[in-house]
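Look at the metal site, then at the sheet and the helix packed on it. Check the confidence values before using any coordinates.

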Amino acid sequence: MTSTTPTTAPRDPARRPHRETRRLIMRDGDEAPRALYEAFDVFNTLHFGGLLASPLIFIAACSSPRALGDYCERDIHGLRSRIRIAPATWKRGWKRVLATLLHEMVHAWCAELIDNLEPGYKGHGPIFCHATFPISEFYGWPYCAPQGRKGRTRAEHWPAVQLDDDDHGPAKRAAKAPRVDDDPDALAAGIALERARVRAHLAALAAQLREGKRARSAALIEQLALDLEPQATP
Ligand SMILES: [Zn+2]
């Protein structure tokens, strides 16, 4: 699960549309979807050993109107591994967006690596929970359990992150505006804040790896941190 050895999923030809879509989004898309793909890479390396194959990530309405996001192993068009983040989730702050992405990535891990989406548990069974433990450990989040057994967080609500006041930055400012995605400054501020946090995590991890004489892994992690440096605006 959590691996610091740089590995990557084999380049499956079936994921070519995914890679092309991503290339297009990184070239022509707005900041929010681009940041989601970058966050996917960071989480994939940090928590899934780089083993998750290229997904499709969309900011789009989910099948349930109450869902923050959803994951589909294969949609009706035959496209594999589609992650959707509900537009309403943006109003709840960037931290909630990242937490939702991570939740959907755990479903992707269950589908791609274990080939078991636990339909009997609607996706939130013991395998899902097992995959979340090291991630909860990493961020200091509460552990989850199927159906919230033993008083733990219900797996479908994991990671149920605690939001600090400043995490609501974009959402609070957006309260005046009709839609958060109409306020690019607030959104950019939220993204910058979360990037700074992820950078701090990555720097600590890289230092640990260097101490353990794992220079190659450390270099990869440092590269990821570098990618998250604020870009100078021309
Ligand atoms: Zn779920």
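His103 and His124 are both buried. In this predicted model, the two residues share a role: with His107, they are the protein donors of the zinc ion. Each of the three uses its NE2 atom and lies 2.0 Å from the metal. The donor spacing in sequence is H-x3-H-x16-H. His103 sits in helix H4, residues 94-114, while His124 belongs to the loop between H4 and helix H5 (126-139), so this pair ties together parts that are 21 residues apart in sequence.

A word on geometry for anyone setting up the site. Ideal angles are 109.5 degrees for four tetrahedral donors, and 90 or 180 degrees for six octahedral ones.

**The sheet**

Three strands form an open sheet. Their order is E1-E3-E2, and the pairing is mixed. E1 (56-59) and E2 are the edge strands, each pairing on one side only. Neighbouring strands are turned by 15 degrees against each other on average, with direction ignored. In general, strands of a sheet pair through backbone hydrogen bonds, either parallel or antiparallel. Both kinds of pairing are found here:

| Strand pair | Direction | Bridges |
|---|---|---|
| E1 and E3 | parallel | four |
| E2 (residues 69-74) and E3 (residues 80-85) | antiparallel | five |

Which residue of E3 stands opposite Ile57? The partner is Ile83. On the E2 side, Cys72 stands opposite Arg82 of E3.

E2 and E3 also make a hairpin, with five residues between them. Gly78 lies in that turn and has a positive phi of about 85 degrees.

**Helix on sheet**

Helix H4 brings the two topics together. H4 carries the zinc donor His103. The helix also lies across E1, E2 and E3. Its angle to E2 is about 20 degrees.

**Confidence**

How far does the model's confidence reach? The mean pLDDT of the protein chain is 80. A value of 70 or more is reached by 74% of its residues. Two stretches call for care. Residues 2-6 have pLDDT below 50, and this stretch has 15 contacts in the model beyond near neighbours in sequence. Residues 165-183 stay under 50, with 25 contacts beyond four places in sequence. Where pLDDT is low, the predicted coordinates should not be read in detail.

Definitions and conventions: Residues numbered from 1 in each chain as written. Predicted model: local features only at pLDDT ≥ 70, side-chain atom pairs only at ≥ 80, totals over all residues. Heavy atoms only, no water. Pairing = 2+ DSSP bridges. Helix = DSSP H or I, 4+ residues; strand = E, 2+ residues; numbered from the N terminus. Donors = N, O, S within 2.8 Å, 3.2 Å for Na, K, Ca; no water. Buried < 20%, exposed > 50% of the residue type's maximum accessible area, 1.4 Å probe, protein only. Axes fitted to C-alpha atoms, helices over the stretch in contact; angles between N-to-C directions. Contact = heavy atoms within 4.5 Å. pLDDT = per-residue confidence, 0-100.
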